[in-house]
Amino acid sequence: MGVLSMRRTAACMMICLALAPLPLAAEDPAPKGESEGFSLMEEGAKLVLRGLMSEMEPTFKEMDKALSDMKPMVEEIGPRFQELIALMGDVHNYQAPEVLPNGDILIRRKVPLVPKIGPRLPGPNGETEL
């Protein structure tokens, strides 16, 4: 069973549970006509869900095929994407991407990075700043 079909099954179960009538308390038996109304509502909900699933099934099959076709590409891009996330850190530190007229994509930092202080290297003539 694929991930998509498991998610679809879980979603359907959640909808069924949400639409199912709640049992009444044991000390308060439902009147005869009221329990019949609940069973009719339950049957109506089942019919609606069956119709919805039969209408949605072709769409789910197309989505499953598209995801299967994308799997090799995602596996190839995955490690590079993880490197990018590690490099960027928190996404909230950046503005929305901007596409330049030449097609380049520019992602600006909201707050500039403070340069890390490293070992001081001697200048071109061997001088050292103190």
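# Exercises on a predicted chain

Lys61 has a relative accessible area of 53% and is exposed. Keep in mind throughout that the structure above is a predicted model.

**Exercise 1.** Find the side chain that Lys61 meets in a salt bridge, and describe how the two residues are placed in the chain.

*Solution.* Step 1: Look around the side chain of Lys61, where the side chain of Glu57 meets it in a salt bridge, with a distance of 3.6 Å from N to O. Step 2: Compare this distance with the cut-off, which asks for a side-chain nitrogen of Lys or Arg within 4 Å of a carboxyl oxygen of Asp or Glu. Step 3: Place the two residues in the chain; both belong to helix H2, and they are 4 residues apart, which is about one turn of the helix. Step 4: Turn to accessibility, where Glu57, at 38%, counts as partly exposed, whereas Lys61, at 53%, is exposed because the cut-off for that word is over 50%.

**Exercise 2.** Describe the salt bridge between Glu42 and Lys46, and state which residues are joined with this pair into one network.

*Solution.* Step 1: The side chains of Glu42 and Lys46 meet at 3.9 Å, taken from N to O. Step 2: Both residues are in helix H2 and stand 4 residues apart, so about one helical turn separates them. Step 3: Glu42 has a relative accessibility of 31% and counts as partly exposed, and Lys46, at 35%, also counts as partly exposed.

Step 4: Before the network is named, consider the pair of Arg108 and Glu98, whose closest N and O atoms are 3.4 Å apart in a salt bridge. This pair links distant parts of the chain, since Glu98 is in strand E1 (residues 98–99) and Arg108 is in the segment after strand E2 (105–106), 10 residues away. Step 5: Returning to helix H2, salt bridges with shared partners join Glu42, Glu43 and Lys46 into one network. In total, the structure holds 5 salt bridges.

**Exercise 3.** Locate Met70 and say which nonpolar surface patch this residue helps to make.

*Solution.* Step 1: Met70 is found in helix H2, which covers residues 32–88. Step 2: With a relative accessible area of 38%, Met70 is partly exposed, because this value lies between the cut-offs of 20% and 50%. Step 3: Met70 is one of the residues that make a nonpolar surface patch of about 870 Å², and the others are Leu67, Met73, Val74, Ile77, Phe81, Leu84, Ile85 and Leu87.

**Exercise 4.** Describe the whole chain, beginning with the order of its elements and ending with the confidence of the prediction.

*Solution.* Step 1: The chain has 2 helices and 2 strands, and, read from the N terminus on, they follow the order α-α-β-β. Step 2: Of the 130 residues, 5% count as buried, and the accessible surface of about 11,800 Å² belongs to carbon and sulfur atoms for 65% of its area. Step 3: When contacts between residues at least 6 apart in sequence are considered, 24% of them join residues at least 24 apart. Step 4: The mean pLDDT of the chain is 76, with 65% of its residues reaching 70 or more. Confidence is lowest in helix H1 (residues 3–19), where the mean is 60, and highest in E1, at 94.

Key: Residues are numbered from 1 along each chain as its sequence is written. This is a predicted model: local features need pLDDT of at least 70, side-chain atom pairs count only at pLDDT 80 or more; totals for chains, interfaces and linings use all residues. Side-chain values use heavy atoms; hydrogens and water are left out. Patches are made of residues with over 30% relative accessible area and no salt bridge: like charges are joined within 9 Å, nonpolar side chains (Val, Leu, Ile, Met, Phe, Trp, Tyr) within 5 Å. Accessible areas come from the Shrake-Rupley method with a 1.4 Å probe; for residues, only the protein chains shown count as cover. Buried means under 20% relative accessible area, exposed over 50%, partly exposed in between (1.4 Å probe, protein chains only). Contact means heavy atoms within 4.5 Å. pLDDT is the predictor's confidence in each residue, from 0 to 100.
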